[in-house]
Amino acid sequence: MNKKAIRRTLAFLLTAACTLSIGIAQGKKATLTGHLIDQMCGGEVKDAAKAAEHSKECALMDHCASSGFGIFANGKYVKFDAEGSKKAKALVEKTKKEKDITIVAEGTLDGDTLTVASLKEK
């Protein structure tokens, strides 16, 4: 193999490795259906029945709302990013439900945090 061919091969491999690492860093697309809960209370929730009991009143208390929001889905609590929490607070303020605020959250999941693209009440 000549030097030019080696350089091309190395450039290709470097480009492929960078592309792969960017894909991994961005997380994966996710659609979660579950109960909307503020982060202060969300960590304490262990099952869907408890999540359904969480109230709108609690979620909108200053210390709870300022902690951010998330979703209890598939047996675990997933936090929302800052923009997602703003969308969630607006949804809680508008809902007519006092408890059992069930939502569909779409976005990119990275660990235990969802970067929210959209939220809608179910």
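This report walks through the fold of one protein, using a predicted model.

## The overall plan

Let's start with the building blocks. The protein contains 6 helices and 5 strands. Going along the sequence, they come in the order α-β-α-α-α-α-β-β-α-β-β.

The chain has 122 residues, and 37% of them count as buried. About 7700 Å² of the protein is exposed, with carbon and sulfur atoms supplying 58% of that area. Among the contacts with a separation of 6 or more, 66% are between residues 24 or more positions apart.

## A barrel of strands

Now look for the strands in the 3D view. They make a closed barrel of 5 strands with mixed pairing, running β1-β2-β3-β5-β4. On average, neighbouring strands here are turned by 50 degrees against each other, direction ignored.

What does "mixed" refer to? Strands of a sheet pair through backbone hydrogen bonds, either parallel or antiparallel. In this barrel, β3 (residues 76-80) and β5 (residues 113-121) pair in the parallel sense over 2 bridges, and F80 has L114 in β5 as its bridge partner. The antiparallel sense appears where β1 pairs with β4 over 8 bridges; there, K28 is matched with L109 in β4.

## A hairpin and a helix

Strands β4 and β5 are also antiparallel partners, over 8 bridges. One bridge joins V104 to K120 in β5. These two strands form a hairpin with 2 residues between them, and G111 in the turn has a positive phi of about 70 degrees.

Which strands does helix α6 lie across? Helix α6 (residues 82-94) lies across β1 (28-38), β2 (69-73), β3, β4 (102-110) and β5. Its direction is at about 25 degrees to β5.

## Inside the protein

In soluble globular proteins, nonpolar side chains tend to be buried together. In this model, the largest nonpolar core has 20 residues. Those with the most contacts inside this core are L36, F69, I71, F80, I103, L114 and L119. Two or more residues come from each of β1, β2, β3, α6, β4 and β5. Apart from this core lies another, of 8 residues, including I37, C41, A51 and Y77.

I71 is a good residue to click on. Setting aside neighbours within four places in sequence, I71 is in contact with L32, T33, G34, H35, K76, Y77, V78, F80, I103 and A105. Two of these contacts, F80 and I103, are also listed with I71 among the residues with the most contacts inside the largest core.

Terms used:
Residues are numbered from 1 along each chain as its sequence is written. This is a predicted model: local features need pLDDT of at least 70, side-chain atom pairs count only at pLDDT 80 or more; totals for chains, interfaces and linings use all residues. Side-chain values use heavy atoms; hydrogens and water are left out. Helices (H or I, at least four residues) and strands (E, at least two) are DSSP runs, numbered from the N terminus. Buried means under 20% relative accessible area, exposed over 50%, partly exposed in between (1.4 Å probe, protein chains only). Contact means heavy atoms within 4.5 Å. Accessible areas come from the Shrake-Rupley method with a 1.4 Å probe; for residues, only the protein chains shown count as cover. Two strands pair if DSSP finds at least two bridges between them. Axes are lines fitted to C-alpha atoms, for helices over the stretch in contact, and angles run from 0 to 180 degrees between N-to-C directions. A nonpolar core is a set of buried Ala, Val, Leu, Ile, Met, Phe, Trp, Tyr and Cys residues joined through side-chain atoms within 4.5 Å.
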